[in-house]
Amino acid sequence: MQIKIPIKECIIPMYDDVLEDVLAHRHTHYVFPGGRGSTKSSFVGGVCIILLILANPTVHAVCFRKVGNTIQKSIFPQIIWGIHKLGLDELFHIPKTFATPIVYKPTGQQIICMGLDDPMKVKSIKLSFGYIGITWFE
């Protein structure tokens, strides 16, 4: 199935080369400086994670936030924004709360949001297949 994704409508030109680098797996880690309004969260959570999930059928993502009770108003809606903006709503199961993973329906891949304020929960991630190949520390 061929999907036409409007990537250029979702990121600012400053991230064009970075997106190409990410999708080509040229680096393991990326650090994005910038303050509020720099669009780094839109780029990472809204575009990169979604595209990497689509391109790698055995990879899952875990998105971390320093404090878990801020996820519902930060990284979780950012990922949902990306799914909507990329026109992929039909392909993802989006739960009402971040406590349940976002799931890419065709493969069952998960996007899990977690707070780092309870390290024991991070140790208990279990997947039915594949591995965690994407991590986002917001």
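Which residues lie nearest the centre of the second largest pocket? They are Phe 98, Ile 112, Cys 113, Met 114 and Lys 121, out of 14 residues that line this pocket. Before I go on, please keep in mind that this is a predicted model.

Staying with the second largest pocket, its volume is about 220 Å³. Strand β4 gives the largest share of its lining, with five residues. Sorted by class, that lining holds seven nonpolar residues, three polar ones and four charged ones.

Now the largest pocket. The space in it comes to about 730 Å³. It has 23 lining residues, and the closest to the centre are Thr 28, His 29, Tyr 30, Ile 134 and Thr 135. Two elements, α2 and β5, give two or more residues each to this lining. Helix α2 provides the largest share, seven residues. As for class, 13 of the lining residues are nonpolar, eight are polar and two are charged.

Next, the core. The largest nonpolar core has 33 residues. Those touching the most other members are Ile 49, Ile 50, Cys 63, Ile 79, Phe 92, Ile 102 and Ile 111. At least two residues of this core come from each of the helices α1, α2 and α3 and the strands β1, β3, β4 and β5. In residue numbers, α2 runs 40-55 and α3 runs 75-85, while the strands are β1 at 59-65, β3 at 102-104, β4 at 109-115 and β5 at 131-137. The largest share of the core is from α2, with nine residues. So helix α2 comes up twice in this talk: it gives the largest share of this core, and it also gives the largest share of the lining of the largest pocket.Two residues deserve a slide each. Ile 79 is one of the core members just listed. Leaving out residues up to four places away in sequence, Ile 79 touches Gly 45, Ile 50, Cys 63, Ile 102, Ile 111, Cys 113 and Trp 136. Of these partners, Cys 113 was named at the start, among the residues nearest the centre of the second largest pocket.

The other residue is Leu 19, in helix α1, which covers residues 16-23. Is Leu 19 buried or exposed? Leu 19 counts as buried because its relative accessible area is 7%, and the cut-off for buried is under 20%. With the same exclusion of residues up to four places away in sequence, Leu 19 touches Ile 7, Ile 11, Phe 43, Val 47, Cys 48 and Leu 51. For Leu 51, the separation from Leu 19 is 32 residues in sequence and 9.6 Å in space, C-alpha to C-alpha.

Terms used: Residues are numbered from 1 along each chain as its sequence is written. This is a predicted model: local features need pLDDT of at least 70, side-chain atom pairs count only at pLDDT 80 or more; totals for chains, interfaces and linings use all residues. Side-chain values use heavy atoms; hydrogens and water are left out. Helices (H or I, at least four residues) and strands (E, at least two) are DSSP runs, numbered from the N terminus. Buried means under 20% relative accessible area, exposed over 50%, partly exposed in between (1.4 Å probe, protein chains only). Contact means heavy atoms within 4.5 Å. A nonpolar core is a set of buried Ala, Val, Leu, Ile, Met, Phe, Trp, Tyr and Cys residues joined through side-chain atoms within 4.5 Å. On a 1 Å grid over the protein atoms alone, a cavity is a set of points where a 1.4 Å probe fits but cannot get out, and a pocket is an open set with protein on both sides within 12 Å along at least five of seven lines; lining residues have an atom within 4 Å of a point. Grid points are joined across faces, edges and corners, and a volume is the space filled by probe spheres set on the points. Ala, Val, Leu, Ile, Met, Phe, Trp, Tyr, Cys and Pro count as nonpolar, Asp, Glu, Lys and Arg as charged, and the others, Gly among them, as polar.
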